[in-house]
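This briefing goes through selected local features of one protein model. The topics are disulfides, a helix pair, backbone exceptions and one loop residue.

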Amino acid sequence: MLPSQPLLHAAVFALAALQALASDTFTAAVYEHAVILPDATDEPVSPDDALALMNKNMDVLEGAIKEAAQQGAHIIVTPEDGIYGWRFTRETIYPYLEDIPDPAVNWIPCTDPTRFAPAPVQERLSCMARNNSIYVVANIGDKKPCNSSDAGCPSDGRYQYNTDVVFDLEGKLVARYHKYNLFMPETQFDYPKEPEAVTFETPFGKFGIFTCFDILFREPAVVLVSELQVDTVLFPTAWMNVLPFLTAVEFHSAWAMGMGVNFLAANTHYTSMSMTGSGIYAPDGARTYYYNMKTEDGRLLIAELDSHPRLSPASPPAVNWSLYALSVERFSPNDHDFRGRIFYDWFTFTEVTKSEGNLTVCQKDLCCHLSYKVAGKREDEVYVLGAFDGLHVVEGQYYLQICTLLKCKTTDLNTCGQPVETAQTKFEMFSLSGTFGTNYVFPEVLYSGVQLAPGEFEVLNDGRLISKTRPTKPVVTVTLFGRWYEKD
């Protein structure tokens with residue numbers, strides 16, 4: 001006699017759990033999704049039309065989820081805005097929202113869809129997870145009614161939140177996170193009253209979750225890693241690339257290294273807004289990543305990770321980010337420093353004029369030291385060493401300390417700091433360090449064509465970012481991106 005469907009599913013679930021428990025590794029997937037966007041409108045569409053649009057996107061996501069599960073993935077992360085896009089006002093997004101309960105209610109929408117208010121999106125996501133025995137991470141919108149007794153209640157009588165949800169192998173809702181640090185255009189959403197630090201346990205480690213712009217702030221990002229000690233961070237994002245330091249792949253890879261955790265970043269793919277760049281990152285570098293501004297295709301990425309990276313022999317040692325830089329005297333004092341702007345921040349630069357040598361540039365309390373050797377000095381490319389120590393105030397307010405070796409756009413020093421994607425100069429070696437006042441420093445090496453350099457550099461425990469071997473590709477930037485959360 002054949003087993004019943006519930007018994008069969010329970011057996012599959014138990015087997016998957018045992019397999020995960022038996023291993024110190026797990027297989028992760030992220031999907032970069034070319035989102036099908038709604039038509040721009042000032043009037044709300046009907047709930048049926050909203051669901052039809054979301055189902056089109058979920059059709060694509062379901063295909064990626066099935067493929068990931070077939071390749072052995074235990075968890076898949078999909079992007080921020082991946083189910084309905086971003087062309088909304090507060091009123092026009094409302095038909096796309098669902099009431100998402102606290103996961104403490106112990107709910108499997110796939111098997112009990114009518115327990116709460118109609119929730120067809122949660123039901124379908126739950127069934128995707130359950131039918132494929134894979135954790136599914138998605139970004140949707142939550143709505144919560146409120147009234148005049150709540151002083152913060154919006155005039156329309158509801159809160160609207162940019163929300164991540166996680167469904168486990170059975171399809172149970174195990175995590176719900178409301179984005180705390182909203183990006184400037186997100187006027188359709190409300191801020192939660194308090195930042196949320198959302199974690200959940202799996203057979204393959206402790207997970208935390210936050211969304212996009214959250215990564216640049218202490219809460220919840222640092223709280224999850226430094227205080228709650230998660231092993232892996234899940235990161236739905238709609239990241240608009242900003243060279244030279246904030247392209248998705250370089251910053252997300254650097255963040256994983258600097259924080260010592262696994263990082264699963266799923267970006268939307270929309271090149272007209274410079275949205276691309278997803279990856280699966282470990283503390284010792286990128287396991288796989290994708291950056292493509294030439295096509296409009298989505299991409300599924302799959303890689304194996306250590307379940308508990310801090311316990312891994314490959315886990316980098318603790319770093320004292322200022323130890324070396326504070327122990328040496330300034331290299332090559334010069335009178336030729338100049339100012340240049342990167343993403344509205346005024347850096348102090350000094351030109352790299354020789355084929356090899358040592359340089360120092362300082363701004364306020366930050367001095368950046370560079371030792372380098374160029375394979376062949378080119379007359380048509382100029383590099384500078386730069387330092388920034390101050391408050392960034394454009395799309396948010398946060399303190400930065402940055403040391404960077406970067407290629408200028410042209411040989412005109414006035415172009416230093418402007419976006420550059422390609423280079424031809426190869427370095428024999430480099431070593432970059434700085435007198436940082438923060439322990440939160442993220443090491444970046446970006447090669448020509450917005451390519452990472454996995455395995456080709458390392459950070460010593462005295463705070464030096466050095467090339468391990470001769471770099472195989474021309475260098476665009478070498479950067480230590482310091483985020484001084486304590487000063488916020």
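A disulfide is counted where two cysteine sulfur atoms lie within 2.5 Å of each other. The model is predicted, and it holds five disulfides. With the bonded cysteines counted along the chain, the pairing pattern is 1-2, 3-4, 5-6, 7-8, 9-10. Three of the links are described below, among them Cys110 with Cys127.

**Disulfide Cys110–Cys127**

- The sulfur atoms of Cys110 and Cys127 are 2.1 Å apart, and the two residues form a disulfide.
- The link of Cys110 and Cys127 is right-handed, with 100 degrees about the S-S bond.
- Cys110 sits in the loop between β2 (75–77) and α3 (120–132), while Cys127 belongs to helix α3, so the bond ties together parts that are 17 residues apart in sequence.
- Cys110 and Cys127 are both buried.

**Disulfide Cys146–Cys153**

- Cys146 is joined to Cys153 by a disulfide with an S to S distance of 2.1 Å.
- The torsion about this S-S bond is about 75 degrees, and the disulfide of Cys146 and Cys153 is therefore right-handed.
- Cys146 is buried, and Cys153 is buried as well.

**Disulfide Cys368–Cys403**

- Cys368 and Cys403 are joined by a disulfide, S to S 2.0 Å.
- The link of Cys368 and Cys403 is left-handed, with -80 degrees about the S-S bond.
- This pair connects distant parts of the chain: Cys368 is in strand β16 (residues 366–374) and Cys403 is in strand β18 (residues 398–407), 35 residues apart.
- Cys368 has a relative accessible area of 0%, and a residue is called buried under 20%, so Cys368 is buried.
- Cys403 also counts as buried, because its relative accessibility is 0%.

**Helix pair α2 and α3**

- Helix α2 (residues 47–70) and α3 have axes that come within 10 Å and cross at roughly 15 degrees.
- Angles under 35 degrees count as roughly parallel, so α2 is roughly parallel to α3.
- The crossing of α2 and α3 is right-handed.
- On the α2 side, the contact is made by Leu51, Met54, Asn55, Met58, Asp59, Glu62, Ile65, Lys66 and Ala69.
- On the α3 side, the contact is made by Pro120, Val121, Arg124, Leu125, Met128 and Asn132.
- Sorted by class, the contact of α2 with α3 has nine nonpolar, two polar and four charged residues.
- Helix α3 is also the element that holds Cys127, the partner of Cys110 in the disulfide described above.

**Cis peptide bonds**

- Glu219 and Pro220 are joined by a cis peptide bond, with omega about 5 degrees.
- Pro220 is placed in helix α4 (residues 218–227).
- A cis peptide bond also runs from Leu243 to Pro244, where omega is near 10 degrees.
- Pro244 is in the loop between β8 (232–237) and α5 (248–259).

**Positive phi outside glycine**

- Cys212 is not a glycine, yet its phi is positive, about 45 degrees.
- Cys212 is located in the loop between β7 (205–209) and α4.
- Is Cys212 buried or exposed? Cys212 counts as buried, because its relative accessibility is 9%.
- Lys364 has a positive phi of about 55 degrees and is likewise not a glycine.
- Lys364 lies in the loop between β15 (356–363) and β16.
- Lys364 has a relative accessible area of 66%, and exposed means over 50%, so Lys364 is exposed.
- Strand β16, which borders the loop of Lys364, is the strand that contains Cys368.

**Loop residue Asn439**

- Asn439 is in the loop between β19 (427–434) and β20 (441–447).
- Asn439 is exposed, because its relative accessible area is 53%.
- Which distance separates Asn439 from Glu486 in space? Asn439 and Glu486 are 9.9 Å apart, C-alpha to C-alpha, and 47 residues apart in sequence.

Notes: Residues are numbered from 1 along each chain as its sequence is written. This is a predicted model: local features need pLDDT of at least 70, side-chain atom pairs count only at pLDDT 80 or more; totals for chains, interfaces and linings use all residues. Side-chain values use heavy atoms; hydrogens and water are left out. Helices (H or I, at least four residues) and strands (E, at least two) are DSSP runs, numbered from the N terminus. Buried means under 20% relative accessible area, exposed over 50%, partly exposed in between (1.4 Å probe, protein chains only). Axes are lines fitted to C-alpha atoms, for helices over the stretch in contact, and angles run from 0 to 180 degrees between N-to-C directions. Angles under 35 degrees count as roughly parallel, over 145 as roughly antiparallel, 65 to 115 as roughly perpendicular and the rest as oblique. A crossing is left-handed if the near helix is turned anticlockwise from the far one by less than a right angle, and right-handed if clockwise. Contact means heavy atoms within 4.5 Å. Ala, Val, Leu, Ile, Met, Phe, Trp, Tyr, Cys and Pro count as nonpolar, Asp, Glu, Lys and Arg as charged, and the others, Gly among them, as polar.
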